[in-house]
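Colleague: I am new to this model and would like a close look at one part of it, taken slowly, with the terms explained as they come up.

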Amino acid sequence: MIYTLTTNPAVDLNVISNSIQPGVVNRTFSPIYTANGKGINVSFVLKHFGVDSHILGFFGGFTGRYIVEESEKKGVHVIPVWVDDTTRINIFLNDGEKEFKFVNEGALVTRQQENEMLELIQNLEDMTYLTVNGSLSKGMDEEFYERLMKVCKQKKVKVILDISSNKLKELMRYQPYLIKPNDEEIQSIFGIAMRNETDIINVLHNLYEEGAQNILLTLGDRGSYFYNGRNIYFTSAQPVKLLSSACAGDSALAAFLSIWIFEQEKLEDALKLSAATGANVAESNAIGDLKKVEQYIKNIKVRKVE
């Protein structure tokens with residue numbers, strides 16, 4: 001069974017405004033409230049593509065209950081660790097040209113609640129894969145990642161990491177099954193600027209040598225690269241008008257996993273589905289309906305780099 005862990009979930013409010021002016025009432029329209037959090041998005045998109053998973057996370061207050069209830073309505077089971085604080089609300093506002101992101105720090109998670117989560121994971125007998133997504137919540141120390149990886153190593157769980165933490169560099173020694181950094185994270189975490197494809201190839205080789213078994217490197221509207229220690233592939237991007245980038249990366253990862261985890265010989269299909277899904281989500285509020293994915297797949301090209 002695939003489990004997704006979101007340490008800092010949120011209720012996302014996506015709204016549109018014709019303009020934003022200081023000192024006046026700015027009217028918004030088309031509000032969309034969604035249960036959110038990076039691992040939660042992964043579970044939702046996996047479900048869309050017919051793959052079951054369970055959600056793990058820290059939840060609190062009326063917003064935490066809303067996320068759990070909405071997830072269950074979608075047919076995705078949630079195993080929550082409840083906290084005393086209130087799960088955050090994030091706001092994504094589009095003025096027709098630009099996107100503005102207002103992201104809060106999240107609910108307070110105590111060391112006792114961290115321990116509760118780790119014990120829960122330790123006792124899950126059907127966990128084969130665990131995706132770890134997003135930021136840590138307020139009160140959590142980055143040492144949590146280290147403790148989590150030790151539990152997963154003991155259980156022989158295959159871990160997929162999609163985190164922006166500087167701790168990622170240290171976690172490579174646990175040989176994560178897959179990591180999904182983007183270009184900004186490569187710069188901030190590893191201190192490497194990628195100016196051209198030669199730089200990208202070198203980065204992929206370095207990440208593999210550091211311990212990552214597989215790497216999916218995303219570059220937004222410039223496409224993505226995948227390396228499995230044998231071959232490097234480049235996948236083109238589908239041009240779209242950006243509405244909200246909030247869920248695009250998580251959705252692209254989920255689409256990739258929905259094929260690749262089960263049939264690695266269909267790698268190119270997985271990469272095309274990933275690119276098409278990310279593009280369709282980027283032009284939507286929240287995850288959207290994913291109705292253009294099949295159309296976009298026809299436009300995506302995969303090139304073997306080496």
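Which residue of strand 6 stands opposite I16?

Modeller: Opposite I16 stands N94 in strand 6. Before going further, please note that this is a predicted model, in which local features need pLDDT of at least 70 and side-chain atom pairs count only at pLDDT 80 or more, whereas totals for chains, interfaces and linings use all residues. Residues are numbered from 1 along each chain as its sequence is written, and side-chain values use heavy atoms, with hydrogens and water left out.

Strand 2 (residues 10-17) and strand 6 (residues 88-94) run parallel and are joined by 7 bridges; strands here are DSSP runs of E with at least two residues, helices are runs of H or I with at least four, and both are numbered from the N terminus. Two strands are said to pair if DSSP finds at least two bridges between them.

Strand 2 and strand 6 belong to an open sheet of 4 strands, in the order 3-2-6-7, whose pairing is mixed. Because strand 3 and strand 7 (99-102) are at the edges, with a single partner strand each, one side of each has no neighbour in the sheet. From one strand to the next, the twist averages 15 degrees, where axes are lines fitted to C-alpha atoms (for helices over the stretch in contact) and angles between N-to-C directions run from 0 to 180 degrees.

Helix 2 packs on this sheet and touches strand 2, strand 3 and strand 6, while its direction makes about 75 degrees with that of strand 3; contact means heavy atoms within 4.5 Å.

Strand 3 and helix 2 also lead to the second largest pocket, which holds about 210 Å³ of space. A pocket is an open set of points on a 1 Å grid over the protein atoms alone, where a 1.4 Å probe fits, with protein on both sides within 12 Å along at least five of seven lines, and its lining residues have an atom within 4 Å of a point. The volume is the space filled by probe spheres set on those points. The lining has 15 residues, and T34, F44, K74, I287 and G288 lie nearest the centre. Strand 3 (28-36), helix 1 (38-48) and helix 2 (61-73) are the elements that each give two or more residues to this lining. By class, the lining has 8 nonpolar, 5 polar and 2 charged residues, with Ala, Val, Leu, Ile, Met, Phe, Trp, Tyr, Cys and Pro counted as nonpolar, Asp, Glu, Lys and Arg as charged, and the others, Gly among them, as polar.
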